[in-house]
Amino acid sequence: MLKIQDISKNFGSLQALKDVSFDVADGQIMGLIGQNGAGKSTTFHSILNFLNYQGTITWNDQAITEPVFDEIGYLPEERSLMPKLTVEQQIVYLARLKNQPAKKIRPQIDNWLERFAVKGNKKDKIKSLSKGNQQKVQLICTLIHNPKLIILDEPFSGLDPVNADLLKQAILTAKEQGAAIIFSSHDMENVEELCDKLVMLRNGQVILHGTVREVRQSFGKTRILVTTNWTKEQLEKLPHIIKVERHEEQRYLLSLDDETAGEAIFDELTQGKYIEEFSQQPPTLDEIFRLKAGEKDE
Amino acid sequence: MNKLWIVTLETFLRQVKSWSFVLLILGPFLMFGISIGAGYLGASGSASSDEIAVISAQAQLRKSFITSDKDDVNKSITDKQTAIKKMNNDKLAGYLELKVSAGKISGHYTGTSSLATGTKSRINSYLMQAQQQLNLANAQLTASQIKSLQQQPTLKETVHKKTGTANIAKKISFWITVIMVYMILNTYTSITAQEIASEKGTKIMEIIFSSTTAFKYFLGKILGVLLVILAQVMVYLVGGWGAYIFAQNSSLTKPFMSQYHSMITSVLKNLLSINLVYLLLGVVIYTILAAFSGALVAKSEDAPKAAQPVIMLNLAAFFVTFPFQNNLDSMVVKVLSYIPFFSSYFMPLRIINNNASALDIVLSIVILTLSIFLLAGYIGKIYQGLMLQTDDSGFWKRFKRGLSYNK
């Protein structure tokens, strides 16, 4: 289990992290979200011991030092490999730095290239691969040694939907194998789909923390999807409605300032008769992200 | 396998597999081969016209001349007509007619140009010796009279150590040493600084630092470069030894090697000594500084500029040696022979000049080694911060930001 307790980090006068705490259990996926500059990469750098910080970070109750490095798979935010090496040399070199013998890794390379649908040969130079294929080779380097702790910084950025699905599948396989996985993303759909829990950072502080369901529920069921023949203007006149968005013909999304108003609105709209759709839900992660990102610090 | 060794090996192999390294290694051998080849072609092209024929009615006289000077003579030509024909075809420089008449040996040379000084003096020497033997035979002297006439004058030569060949050898050793140290340091500081700078701020460094410590990685890089230079020195030693053996046995270079044997031996002794240790330690300390310099560039695109500060320091140390080439006993030379970055130039010069005691040498090596450890320790400690920060700001801001990673 990865445990982070009250970590803080300053760069001169800039407070990059302040009392950040969370944990990720084995077989759990955690999403780390926040706007650019919120402190996600600094959190990852702290976990990887790239910088000194105040607080405690442990992996299975051990400080994260070199012996633990072998259990970590890390994919940085920007992609970068050694362009003059071949695909095989690159994978083997990085795997050897994770204490994996070359003779164990070499026979696996073809399977991994196939699994990630890398277009090219293992004898090709990295620089001859397309950007997308280089990204996939980097993912292979991150995962080939079967890490127990996987840290992925923006893993979906730049991937097309097909490759994003391949990555999702790889993440879920690693989870099934018991790895603790933490990834950052600006795509809330991916977070919602994959994560067991999430942490949202703003200006280096944790502003949301919990399972995806808990976080969403904590915002109340302030969102109603309704299919009705009422007009937008009529809907806006209902009590506690703060916003009405038309999604499709006769389908609207209503935002409430009080979730308890839902029952009264239901009665008003149905008048005791059949209605095609009425669903009262908590806000989506995307909406929560926009809402929280826009708030000012207390 | 130890991660330090993995990084060392990877750095070493990446360098030695590059074309630039192959060219660097082969360069001196190519130059040597080209000079020898050109010399050989020049010599063989003019070989026929340098040779002379010896014509004589007295077969014994001709034979004894050929025995005394076989290098200059074309032995296959025995008559005047053939000699003239060959001479007209530019295949022969000329012909020497030898005859004995009324107890007097005479020689007459006919050629396309004057005889070379060396050949002329060898012919004269032979004629004098042959005439003397003929005179002695004609005089019918007793054994004691012959012995008395064979007395030769003697000339003894005493060469002071600080003059003559020894002095020339020192001068040659001085220039070879400073130029060799300068060239090697320049090459390896550029290689190291550019290699480190090209990795600066790239995410591959984050991947590597998530696998091993920055200190180990830094040391691995330095050791890798050190292995490269060791390989280069080994190739040069083996190749140099081969060239030396070749030069000693080749007809083209043999006279030169015999003539300057003592000087060449003296230069080789000066080069193949503790001075090699200074060269290696010099490479290490300059390499560490070059790595630091490479880690301080703003971004990987600035790699070509990365080595500049270290190259300037090396250039300064190189030029400071110039005023002291004739004054190696100076106090400045003594002081600089203990100061790291300068000692790799100055202590070898003192050693060549025989004015450094064993204690001086040991002390200088200890200071240099200690400086290497301290510098490597400090830079290794801040290396991670320097490599991971990517601020495109001024030098000091980048340096401070790099240090703040570790605070």
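**The contact between chain B and chain A**

In this predicted model, about 2,600 Å² of area is buried between chain B and chain A, with carbon and sulfur atoms giving 58% of that area.

User: How many residues does each chain put into the contact?

Analyst: Chain B contributes 27 residues to the contact, and chain A likewise contributes 27 residues.

User: And how many salt bridges are there between them?

Analyst: The count between chain B and chain A is 3 salt bridges, one of which joins the side chains of A:E66 and B:K216 at 2.9 Å, N to O. Polar contacts across the interface, with both residues at pLDDT 80 or more, amount to 11 residue pairs.

User: Which helices of chain B supply the side that touches chain A?

Analyst: At least two residues each come from α1 (3-16), α9 (203-209), α10 (214-249), α18 (358-388) and α19 (395-404) of chain B, and the largest share, 6 residues, is that of α9(B). By residue class, the side of chain B that touches chain A divides into 10 nonpolar, 8 polar and 9 charged residues.

User: Switching topic, what does UniProt place at residues 2-228 of chain A?

Analyst: An unreviewed UniProt entry places the feature "domain: ABC transporter" there; over residues 2-228 chain A is 33% helix and 30% strand, with the end C-alpha atoms 48 Å apart.

User: Where does the "transmembrane region" annotation fall in chain B?

Analyst: According to UniProt (unreviewed entry), that annotation covers several stretches of chain B, among them residues 172-191 and 306-324. Residues 172-191 of chain B are 100% helix, with end C-alpha atoms 28 Å apart, whereas residues 306-324 of chain B are 79% helix and 0% strand, with end C-alpha atoms 30 Å apart.

Key. Residues are numbered from 1 along each chain as its sequence is written. Chains are lettered from A and ligands numbered from 1 in the order in which they are written. This is a predicted model: local features need pLDDT of at least 70, side-chain atom pairs count only at pLDDT 80 or more; totals for chains, interfaces and linings use all residues. Side-chain values use heavy atoms; hydrogens and water are left out. UniProt positions are given in the numbering used here, feature names are shortened, and annotations may be inferred rather than shown by experiment. Helices (H or I, at least four residues) and strands (E, at least two) are DSSP runs, numbered from the N terminus. Contact means heavy atoms within 4.5 Å. Buried area is the accessible area (1.4 Å probe) that two parts lose on being put together, summed over both. A salt bridge is a side-chain nitrogen of Lys or Arg within 4 Å of a carboxyl oxygen of Asp or Glu. A polar contact is a pair of N or O atoms within 3.5 Å; within protein, one must be able to donate a hydrogen and the other to accept it, and residues adjacent in sequence count only if both atoms are side-chain atoms. Ala, Val, Leu, Ile, Met, Phe, Trp, Tyr, Cys and Pro count as nonpolar, Asp, Glu, Lys and Arg as charged, and the others, Gly among them, as polar.
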